[in-house]
Amino acid sequence: MKTIIEPFRIKTTEPLKITTSEERHRALEAAHHNVFLLDAEDCCIDLLTDSGTGAMSSQQWAAMMLGDESYAGSRSWKRFEAAVAEITGMEHILPTHQGRAAESILVGCVVKPGDVIPNNSHFDTTRANIEYGGGVALNFPCSEAFDTQTPAPFKGNMDVEALETCIKENGREKIPFCLITVTNNTGGGQPVSMANVRAVKALLEKYEIPLLIDACRFAENAYFIHEREDGYQNRSLLEIAQEMFSLADGATMSCKKDGLANIGGFLVCRDPEWAERFRNLGILREGFPTYGGLAGRDLEAIAVGLMEALDYDYQVYRHATVEYIVKRLTALGVPMVQPAGGHAVFLDVKRMLPDIEATQYPGIAVVNALYLAGGVRAVELGTVMFGHFDENGIEQPSPLELVRLAFPRRVYTQSHFDYLIEVIEEVWNNKESLSGYKMTYQSKALRHFTCHFEPLGS
Ligand SMILES: Cc1ncc(COP(=O)(O)O)c(C=O)c1O
């Protein structure tokens, strides 16, 4: 059959509120034109993030009933530990309440002020944690990553030459570890090839620098490798994931993505000395090392979810959804990051609204237009999220201006996606009427979550 179906049927439903245009205008104004400040029930199709927003399976719900809430050494911990150990092959496993908690413990234990942490592209919480610890977060994406139209298969790769230059310039003693983020969320959800991880590892070994994987979407990345990289077509997604982790010295994970859970994360490593430090800080920040900020039932849901994310049929369906949307939007002429990423569609705002300056936040213009047109909540990945101020206090734009429509796992169906395409088409057809925004309030860190805007020309 040519039609790829959702490999599940629906047992429980949740109502969606259908709002009027007037209601959406009122809601957005009350939210200071920042969709993060909207009430979720006012968002008909909520694509703000794929993080923690997925639907759990009946197996996960069943496993949750087995949750052992003992403070230490619970059966649920054992099942969580076994699943994480099987996938990552790491000896030391520390559960955390979500990915950024793992980042914060890692940085708190091994980053000193002035240290440099390279990555293909740091996610915002990773960068914020490193900078909060006094470190410098540097991105070394491959050159194809900057061209949203190149159909290269592994645009999430790291630029190995640039990484070596960074090591030579800073000295290995200033680099406590290097990260590689799979898939590269900030760079458009693009995958990283096994060959690239291998090359990065080989270089780092020469300088005795540990490699850590930011593994949030490790299963989606494994699927891309299966489909696109020579030699992996007869390997299971689990085997591909195991091979990738075998190249690393540790990993941070948000189980809110490819753990198919609504909360959770972990930090893993091979070095017993690092593990001791992580456990000590973990106890302070997250709790006893066998629950790490999670209930026993959460550990159960994650143990099942991690394996379900590696199910081939699930990944075929997930990627077919993203490809379907990209194909339909491409036919309408809507500029997007090509090829399709793993967990989201990324609209290329620089091409959509070339006349709106980066410091007038064209991404916000698109995000807000999507909300007003049809109650779709998306997120800006551009100057608001990734811009910075130079030493003269002048705002420097992000190299890419993207709007991300991230797809919660197993939540929306084909008709929701057809509706979404119609909403984007309306915004695209009316793009000349959009104008930029002025930021009227911002916090010092992670400003995109809470800042306020006013439309220019209103
Ligand atoms: C690549 C990447 N790293 C880290 C994180 C942080 O994870 P969490 O939201 O669980 O703290 C995210 C979350 O979106 C992410 O996409």
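**Around the ligand, and four unusual spots in the backbone**

Hi everyone, let's start right at the ligand: one of its oxygen atoms has a polar side-chain atom of R100 at 2.7 Å. Please keep in mind that this is a predicted model, and that goes for everything I show you today.

R100 has company. S254 also places a polar side-chain atom 2.7 Å from an oxygen atom of the ligand, and for N185 the corresponding distance to a ligand oxygen is 2.8 Å. How much of the ligand's accessible area does the protein cover? On its own the ligand has 390 Å² of accessible area, and the protein covers 96% of that.

Now let's step back to the whole shell. There are 15 residues around the ligand, and those that come nearest are G99, R100, D214, S254 and K257. So you will recognise R100 and S254 from a moment ago. Sorted by class, the shell contains seven polar residues, six charged ones and two nonpolar ones. Which element gives the most to this shell? That would be helix α4, residues 99-110, which supplies three residues.

Let's leave the ligand and look at the backbone, beginning with cis peptide bonds. One of them joins V182 and T183, with omega at about -20°. If you want to find T183 on the screen, look in the loop that runs between β5 (178-181) and α7 (194-207). Another cis peptide bond links Q338 to P339, and here omega is about -5°. P339 is in a loop too, the one between α12 (312-332) and β9 (344-348).

My last topic is positive phi values. H33 is not a glycine, yet its phi is positive, near 60°. You will find H33 in the loop between α1 (21-30) and β1 (45-46). Is H33 buried or exposed? With a relative accessible area of 13%, H33 counts as buried, because the cut-off for buried is under 20%.

R410 is the other residue I picked here. Its phi is near 65°, again positive in a residue other than glycine. R410 sits in the loop between β14 (402-406) and α16 (414-429). The relative accessible area of R410 is 15%, so this arginine is buried as well.

To wrap up, the picture to take back to your bench is a ligand with 96% of its accessible area covered by protein, with side chains such as R100, N185 and S254 placing polar atoms by its oxygens. Away from that topic, we have the cis bonds at V182 and T183 and at Q338 and P339, plus positive phi at H33 and R410. Thanks for listening!

Methods. Residues are numbered from 1 along each chain as its sequence is written. This is a predicted model: local features need pLDDT of at least 70, side-chain atom pairs count only at pLDDT 80 or more; totals for chains, interfaces and linings use all residues. Side-chain values use heavy atoms; hydrogens and water are left out. A residue is near a molecule or strand if one of its heavy atoms lies within 4 Å of it. A polar contact is a pair of N or O atoms within 3.5 Å; within protein, one must be able to donate a hydrogen and the other to accept it, and residues adjacent in sequence count only if both atoms are side-chain atoms. Accessible areas come from the Shrake-Rupley method with a 1.4 Å probe; for residues, only the protein chains shown count as cover. Helices (H or I, at least four residues) and strands (E, at least two) are DSSP runs, numbered from the N terminus. Ala, Val, Leu, Ile, Met, Phe, Trp, Tyr, Cys and Pro count as nonpolar, Asp, Glu, Lys and Arg as charged, and the others, Gly among them, as polar. Buried means under 20% relative accessible area, exposed over 50%, partly exposed in between (1.4 Å probe, protein chains only).
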